[in-house]
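These are my notebook entries on one structure, written down in the order in which I looked things up. I keep each entry to what can be checked by eye.

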Amino acid sequence: MSLDLKPKKWAGALREVTLGAGSRRPVAVGGGNGLPLHTFEAAFPHRPALALEITDVDPVRWVESVRQPWEGVLGRPAEAARRAVADFGADLLLVHLMGTHTDRGNRSPEQAAADVGAVLEAVNVPLIVKGPGAGQKQNTVLARVAEDCRGEGLALHSATNEDYKTLAAVAVAYGHALVGESPIDVNMAKQLNILLADSNVDLNRVLIDPLTGGLGYGLEYSYSVMERIRLAALGGDAMLNCPIVCLVGEEAWKAKEAKVPADKEPLWGSQRERGIHWEVATAMTLIEAGAEVVVLRHPETLDRIRKQLDSWFGSEPSHDREGVVQNSFRATDEHR
Amino acid sequence: MSRIIASAAIRGGHACVRRAETMLAEALGRHNRNTAIGFPSTAYALPIILALTGKRVEKLGDLEEAVGAARSWLPAEPTEKLWLPYLGGALDAGAATLVAQEAIEALKPLHGIPLEFDYWLGPTTDGILREQGIKLVDGRMPGFAACVGALPDDETAEQLARDLQERNLLVFMGANCAGETMAAQLNRRGVQMNWETFLVPYGPDTSSIVHALGFACRAAFTFGGLKPGGLEETREILLYNQRRVFAFVLALGEVDDEKYATAAGAINFGFPVIADTDIPEILPSGICTYEHVVSNVAHRDMPARAVEVRGVKIHTVEIPIPVRHGPAFEGERVRREEVAIEFGGKYTRCFEYLASRPMDQVQDGLIRVVGPEIGDVPEGARLPLAIFVEVAGRKMQPEFESILERHIHSFLSEPMGVMHLGQRDTVWLRISKKARDAGFRIEHLGTVLLHKLRNDFPAIVDKVQVTLFTESAGVEELYPTAAAAYQSRDERMGALTDERVEIFYSCALCQSYAPNHVCIITPERLGLCGAYNWLDGKAAYEINPHGGNLPVRKGDSVDPVLGQWKGINDFIRNASNGAFERFSAYSMITDPMTSCGCFECIACILPGTGGIMIVDREYAGETPVGMTFSSLAEMTGGGQQTPGFIGIGTIYALSRKFISADGGLARLVWTTTRIKQKLGDRLRQRCEELGKPGFYEKIADETVCTELEPLIEYLATVEHPALEMGEMV
Ligand code: SF4
């Protein structure tokens with residue numbers, strides 16, 4: 001029996017956002033004109049990009065199994081970045097400036113800017129830079145980073161509905177992209193994009209972080225909200241058609257199932273395997289829901305996801321002459 | 001536009017341009033055309049000229065074109081006979097003046113006149129712009145005041161500077177009045193002037209004020225991503241300033257032609273002028289958001305008046321009260337033994353009343369306690385209290401009074417150690433000993449209301465004053481006014497019918513968990529959570545036009561009985577992501593509205609009775625339909641249309657439009673005692689209006705039965721009208 005596919009054509013398409021500029025080897029994401037992974041009926045110029053998270057200080061709360069691959073470089077962002085790119089093959093990095101949080105070291109904006117500068121020196125992939133969480137401190141930290149690293153096309157994480165004006169202004173001033181974060185709510189995501197556009201931010205420089213739950217902790221909410229964002233985007237809503245970034249590692253490794261050691265729950269099996277499975281399952285779900293960038297913590301997860309994407313998208317990403325990562329894929333007859 | 005101002009501005013413009021031309025000609029005589037000119041450490045050349053002409057002036061020769069442009073914008077100098085000044089002409093002259101002034105400032109060094117000397121700081125570098133300009137754009141600094149001239153004496157100068165600083169406003173100073181300058185006055189008072197204190201003296205000439213406007217333009221270039229270019233780009237830059245940079249000019253002392261011309265230049269940016277002298281006013285709105293020129297303002301009123309005229313919104317980060325506060329303390333009780341002072345409850349009269357007033361009748365920030373304060377009475381005293389809040393705002397409407405008043409409860413619940421229950425004249429308020437010991441006084445209730453109202457409702461509230469009456473005389477005197485207001489609000493709300501409005505409001509706040517759900521809120525049907533009525537929707541839209549509440553035009557009637565309109569149906573199709581085609585406002589059977597999950601009550605049909613029941617969320621027991629509230633909620637919620645089941649806000653039951661297409665309130669055969677209690681007399685009254693004698697008594701509740709069979713028997717015994725109305729489906 002043969003299946004007769006009737007390709008669905010949509011009125012809209014995703015915006016294409018290029019991360020990284022200046023000394024970075026840029027990575028473009030988004031641009032697809034169909035539902036995620038519907039390669040049989042739509043064109044996807046870029047496959048989802050895989051990021052690893054590195055931190056400015058030792059992330060003491062990370063569980064042992066996710067600390068282990070980073071041994072020796074935790075809290076040394078430049079070294080961690082080198083390992084993430086050279087050894088683990090990350091397409092881009094998220095630099096989490098957790099140490100700038102007032103309760104976790106209260107590192108200064110200058111220190112933060114120096115940390116990001118060191119990472120920029122060490123590797124040439126694009127960076128998402130995440131502050132300590134919305135508020136005055138985050139604004140001063142990211143404003144400083146944005147100014148000192150002007151022209152590098154960072155993605156600043158993140159602007160929120162309540163607090164977006166500072167980051168919008170510095171993104172515009174220093175040529176960076178901006179991640180808009182909304183609390184699992186399609187209307188808030190849209191409202192934020194309207195506000196950003198109103199602040200003269202180019203929406204072709206914006207990623208949506210819809211805030212994800214990990215597997216078992218609200219993942220299905222994230223899924224349906226992302227689905228709605230994507231449906232609206234494809235329906236032609238120009239305020240919702242920015243690519244989506246999901247901070248997967250952070251959520252997946254929060255789950256009790258990923259953290260509890262095997263001697264406490266013998267039936268659950270190896271903690272390491274369990275944690276990686278948890279992160280893989282969360283990431284795959286979100287990629288299916290439409291994540292264009294997933295941020296992971298365990299390199300093994302990245303490896304497994306990369307293999308899966310290869311099997312769908314055909315080949316490893318290759319770099320063209322300009323240095324733009326051509327992780328392009330178009331529906332071919334073979335796949336129809 | 002006042003003839004005097006327009007003529008003066010045009011004359012001033014001509015004079016400025018002539019001066020620039022002379023200085024330029026002299027400079028060209030002595031220097032090469034390629035001589036570099038410009039302000040130190042900036043990538044924006046001469047920013048005003050860049051913004052207004054789109055040209056980068058970097059060499060002496062480039063100035064010719066810029067000054068030429070300024071000349072070409074100047075309207076003819078008005079004479080006694082020739083009279084055509086109009087707003088446009090004066091504005092053009094203003095723009096020409098700014099260009100000429102910037103040229104003059106840039107030429108000064110070539111003439112050996114320093115830009116930076118004594119305490120004068122001269123033009124601002126890009127480094128400072130990046131650090132400080134962003135604060136103007138992201139709202140940390142509400143705006144800037146360009147102070148032109150000087151005050152009558154040093155002390156007044158310091159007072160004005162302090163008042164502006166207190167409001168977090170950046171203060172630019174420039175120009176002189178017969179040789180006297182505000183900066184010199186501050187200097188004599190030993191006031192620090194620099195970018196750290198936000199007191200920035202530019203220069204003693206009127207032309208130096210152009211640096212303040214240049215600063216605004218550079219903020220627009222840098223943080224607004226605006227590009228210089230042609231007319232369209234210039235317009236964008238001016239609009240950006242008008243919308244985002246909350247600046248104003250304070251004209252201090254005599255206003256000469258050049259100052260009028262500079263003021264006209266500032267008005268191009270939407271920056272109004274507030275003067276302490278008796279110059280002609282320009283009130284009607286046009287370029288500026290509100291008034292353009294306001295005069296004769298006393299020095300101590302200047303900051304407040306300026307903030308008001310420019311529409312600057314000041315947000316208080318830390319409310320100045322001696323106890324912690326926040327939503328975390330909202331549910332907190334103050335027990336009898338902890339009470340320092342108590343108002344209302346069953347002991348004394350205690351009410352709150354919020355009224356809107358014209359702008360000039362509210363003194364923003366004024367808090368008065370009329371009667372004893374907390375320290376004047378013995379511990380545990382019970383006093384009467386009237387909380388009288390007067391607000392004013394450009395966009396305030398009397399309709400919003402009740403909405404703001406309803407927030408008093410949550411605002412006054414937030415300070416730690418304050419307990420607030422009830423609303424209107426049923427208020428019960430306690431202040432704990434701990435709070436008192438920390439320094440909390442009755443007056444601070446006003447402080448909280450002042451800041452919360454301004455912070456949370458910036459779109460509609462500009463000014464707040466609070467009076468707290470704590471003795472009988474004052475309380476009793478105000479009470480009749482308050483009581484009359486409560487009543488007339490209720491009457492107005494009662495008279496507000498679906499037919500009388502053209503617009504309903506949508507609410508999509510619950511889409512986060514019921515993705516296709518949307519509430520349509522009409523005057524006679526509130527949101528199903530019970531928290532949003534039509535007025536709330538209206539106010540919410542006024543406050544945030546990008547928020548979850550949008551106005552929806554009813555459009556042509558599709559079915560007046562069901563309550564369907566074309567405009568609403570079109571909206572629903574879109575807002576439900578194509579999941580639903582039609583909504584009936586008045587039916588739970590045909591195209592009922594969807595239910596998200598936060599309904600206060602569920603109404604559902606009871607087969608075999610011809611009626612319906614209404615059950616509330618708190619009710620944990622069984623119901624005649626054979627399900628508890630929670631199992632019913634599963635069927636009803638999730639944003640589906642489930643004919644026969646709807647989520648409702650409790651007081652929808654009192655509406656004349658309550659399932660009016662299906663037979664209305666007469667269908668109600670069973671409900672809970674809690675609902676009966678909550679609706680109380682109002683339900684009795686509605687029942688009487690139905691004209692079915694003894695109807696209220698015929699509505700069963702859980703004390704009569706919780707199963708269907710006995711209910712049917714009971715209904716037969718009491719001859720409930722629903723039995724004759726026939727089955728609903
Ligand atoms: S239930 Fe209330 S909050 Fe939710 S959508 Fe309806 S009116 Fe809005």
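**Entry 1: a loop residue with an unusual angle**

I began with Asp591(B), which I found in the loop between α17 (566-575) and β20 (601-606) of chain B; helices (H or I, at least four residues) and strands (E, at least two) are DSSP runs, numbered from the N terminus. I noted that Asp591(B) has a positive phi of about 45° although it is not a glycine. Most residues other than glycine have a negative phi, and most peptide bonds are trans. Is Asp591(B) buried or exposed? I read a relative accessible area of 19% for Asp591(B), and therefore it counts as buried, where buried means under 20% relative accessible area, exposed over 50%, and partly exposed in between (1.4 Å probe, protein chains only).

**Entry 2: what kind of model this is**

I must remember that this is a predicted model, in which local features need pLDDT of at least 70 and side-chain atom pairs count only at pLDDT 80 or more, while totals for chains, interfaces and linings use all residues; side-chain values use heavy atoms, with hydrogens and water left out. Residues are numbered from 1 along each chain as its sequence is written, and chains are lettered from A and ligands numbered from 1 in the order in which they are written. For chain B I noted an average pLDDT of 91, with 98% of the residues scoring at least 70; pLDDT is the predictor's confidence in each residue, from 0 to 100. Where pLDDT is low, the predicted coordinates should not be read in detail. For the model I copied down an ipTM of 0.80 and a pTM of 0.76.

**Entry 3: chain B as a whole**

I looked up 22 helices and 23 strands in chain B, and its C-alpha trace spans about 110 × 65 × 50 Å along the principal axes. Of the 729 residues of chain B, 57% count as buried. Among the contacts in chain B with a separation of 6 or more, 74% come from residues 24 or more positions apart, contact meaning heavy atoms within 4.5 Å.

**Entry 4: two domains of chain B**

The domain assignment of chain B gives domain 1 (327-493) and domain 2 (500-725), and such bounds come from an automatic or database domain assignment. I noted that the C-alpha centres of domain 1 and domain 2 of chain B lie 34 Å apart, and that 11 residues of domain 1 are in contact with 10 residues of domain 2. How much area do the two domains of chain B bury between them? I read about 960 Å², 63% of it on carbon and sulfur atoms; buried area is the accessible area (1.4 Å probe) that two parts lose on being put together, summed over both. On the side of domain 1 of chain B, Glu399(B), Ile403(B) and Met493(B) lose the most area to domain 2, together 42% of what that side buries.

**Entry 5: where chain A meets chain B**

The contact between the chains takes 24 residues from chain A and 23 residues from chain B, and about 1800 Å² is buried between chain A and chain B, of which carbon and sulfur atoms give 49%. In chain A, I found that Gln191(A), Asn200(A) and Arg228(A) lose the most area to chain B, together 25% of what that side buries.

**Entry 6: around the ligand**

Which residues surround the ligand? I listed Cys507(B), Leu509(B), Cys510(B), His517(B), Cys519(B), Gly527(B), Leu528(B), Cys529(B), Cys596(B) and Cys598(B), where near means that one of a residue's heavy atoms lies within 4 Å. This shell divides into eight nonpolar, two polar and no charged residues; Ala, Val, Leu, Ile, Met, Phe, Trp, Tyr, Cys and Pro count as nonpolar, Asp, Glu, Lys and Arg as charged, and the others, Gly among them, as polar. I met Cys596(B) again when I followed Gly638(B), which, leaving aside its neighbours within four places in sequence, is in contact with Ala514(B), Ser595(B) and Cys596(B). Gly638(B) is placed in the loop between α18 (629-636) and β22 (645-648) of chain B, and it counts as partly exposed because its relative accessibility is 42%.
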